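Please load the model in your viewer and keep the selection tool at hand. The tour below proceeds from the whole chain to single residues.

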Amino acid sequence: MASWVLSECGIKPLSRFYPKPTTSFISNPTPTFRFNPSPSSLKPRNGFFPKARNWALNVATPLTTLEPPSEEEHTKRFDPGAPPPFNLADIRAAIPKHCWVKNPWKSMSYVVRDVAIVFGLAAVAAFFNNWLLWPLYWFAQGTMFWALFVLGHDCGHGSFSNDPRLNSVAGHLLHSSILVPYHGWRISHRTHHQNHGHVENDESWHPLPESLYKNLEKTTQIFRFKLPFPMLAYPFYLWGRSPGKNGSHFDPDSDLFLPKEKKDVLTSTACWTAMAALLVCLNFVMGPIQMLKLYGIPYWIFVMWLDFVTYLHHHGHEDKLPWYRGKEWSYLRGGLTTLDRDYGWINNIHHDIGTHVIHHLFPQIPHYHLVEATEAAKPVLGKYYREPKNSGPLPIHLLGSLIKSMKQDHFVSDTGDVVYYEADPKLH
């Protein structure tokens, strides 16, 4: 299973399937340079990363004794759209070997924990049935639905275990319970990882070329860029994808899928249908109002979490992030445009999905090793890693990043192989 995952998220650009890789990633012919990190970069962030380690054995010694440039000079010269002075093999070598080990028992323990919390919350809410408690339940349960999605997401990447049957069974149970077609989503998400940062080929939250953006109906522009509508987009994306792309995650004949994937898509659609039928039956047993309170509203809280988190992993940084086309795109450069985010108390609840850069480059790493792997890789990544702002108990600070990005990140130029988001002043 591990080789299958490596092959689907390897470094050969834009191919849907890769041959079985060797034991290490293909090295970029560009000469490798590494910079010693400054002491300040090794300080842990409160509540997000573990305390600093001694990186002396992980960072190559410079070949010369020339004094390094000052922080101000380095900042002035840094171009986020330029090819990095390191490659995937350099990053991989910096990550401890145990971070790649998948423990199915540990993965299943998270499933048991989250499922127990979900049923416990529902039982408590139904027992008290108090309107003062329902809003707290909705937020907590919607967040737990999102946590279930992240565990199913691990199954889709194969980072849950090395057993593809266990990944498929667990993934179907987790995702179907929150009305996500497991295989349909898994395959389109694989496309996203294979093409992250590519203007035309990326799958989720990708930019619209200016000509396509300006030809959208006004209502479509509003639903895409005017809050709160983009935060409710996920179910509609599953049925019809994003503007400029056709197909459905439920249709085996969609251009999202290869002919040999038809059986997988039909299986997931059948599981989704069974869950939808179960919810309809529960409506007759418990009543639609009770089901709305117990499941319906938490489902939409989950949708908002999903759209909120996935959007901010690719948008909303203080500095504009590049998007690529043509020969300028590579798997590494695309992955380096993703962002880590700190969600405070939510970090542990949603399984550290905020450590997104290393996850995008190496999705086969289990979620419980992502924080350590990120710390180990940061000295290699240097300026290409953008340290997330520390969060309070709840990530309220990210609302400002979301609002600002929705006002500024509307389209990219129709031409150019390294492009940045531009704003439509008429949309404000």
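A residue is called buried when its relative accessible area is under 20%. By that criterion, buried residues make up 51% of the 428 residues in the protein chain. The model is a predicted one, and the values given on this tour are computed from it.

**The whole chain**

Begin with the complete chain in a cartoon representation. The secondary structure consists of 17 helices and two strands. Switch next to a surface representation: the chain exposes about 20,300 Å², and 65% of that area is supplied by carbon and sulfur atoms. If a contact map is available, consider the contacts with a separation of 6 or more; 74% of them are accounted for by residues 24 or more positions apart.

**The annotated spans**

Select residues 110–128, 265–286 and 292–312. The UniProt record, an unreviewed entry, annotates these residues as "transmembrane region". Restrict the selection to residues 265–286: the span is 100% helix and 0% strand, and its end C-alpha atoms lie 31 Å apart. Move on to residues 292–312, where the span is again 100% helix and 0% strand; here the distance between the end C-alpha atoms is 28 Å.

**The α11 and α12 pair**

Widen the selection to helix α11 (residues 262–286) and helix α12 (residues 288–312). Their axes come within 7 Å and cross at roughly 130°. An angle between 115 and 145 degrees counts as oblique, and α11 is therefore oblique to α12. Display the side chains where the two helices meet. On the α11 side, the contact is made by Met 275, Leu 279, Leu 282, Asn 283 and Met 286. On the α12 side, the participants are Pro 288, Gln 290, Met 291, Leu 294 and Tyr 295.

**Two cysteines**

While α11 is in view, select Cys 271. This residue is partly exposed, with a relative accessible area of 28%. Then select Cys 155, which is buried at a relative accessible area of 1%. How many disulfides does the structure hold? A disulfide is a covalent bond between the sulfur atoms of two cysteines. The structure holds zero disulfides.

**Backbone features in the loops**

Three loops merit inspection of their backbone torsions.

- Leu 179: select the loop between α6 (164–176) and α7 (182–194), where Leu 179 is placed. Its phi is near 60°, a positive value in a residue other than glycine. With a relative accessibility of 15%, Leu 179 counts as buried.
- Leu 227 and Pro 228: go to the loop between α9 (218–225) and α10 (234–240), which contains Pro 228. The peptide bond joining Leu 227 and Pro 228 is cis, with omega at about 5°.
- Arg 241: continue to the loop between α10 and α11, where Arg 241 is found. The phi of Arg 241 is near 60°, a positive value in a residue other than glycine. Arg 241 is buried, its relative accessible area being 14%.

**Phe 78**

Select Phe 78 in the loop between α2 (71–77) and α3 (88–94). Is this residue buried or partly exposed? Its relative accessible area is 24%, and Phe 78 is therefore partly exposed. Leaving aside residues up to four places away in sequence, Phe 78 touches Lys 383 and Tyr 384. Tyr 384 is 306 residues away along the chain, yet the C-alpha atoms of Phe 78 and Tyr 384 are separated by 9.0 Å.

**Tyr 421**

The final stop is Tyr 421, in the segment after β2 (418–419). Tyr 421 is buried, with a relative accessible area of 10%. Which residues does Tyr 421 touch, not counting residues up to four places away in sequence? They are Trp 205, His 206, Pro 207, His 315, Lys 320, Trp 323, Asp 409, His 410, Phe 411 and Val 412. To finish, draw a C-alpha to C-alpha distance from Tyr 421 to Pro 209: the two are 9.5 Å apart in space and 212 residues apart in sequence.

Terms used:
Residues numbered from 1 in each chain as written. Predicted model: local features only at pLDDT ≥ 70, side-chain atom pairs only at ≥ 80, totals over all residues. Heavy atoms only, no water. Helix = DSSP H or I, 4+ residues; strand = E, 2+ residues; numbered from the N terminus. Buried < 20%, exposed > 50% of the residue type's maximum accessible area, 1.4 Å probe, protein only. Contact = heavy atoms within 4.5 Å. Areas by Shrake-Rupley, 256 points an atom, 1.4 Å probe, with all protein chains shown as cover. UniProt positions renumbered as here; feature names shortened; annotations may be inferred. Disulfide = S-S within 2.5 Å. Axes fitted to C-alpha atoms, helices over the stretch in contact; angles between N-to-C directions. Parallel < 35°, antiparallel > 145°, perpendicular 65-115°, else oblique.
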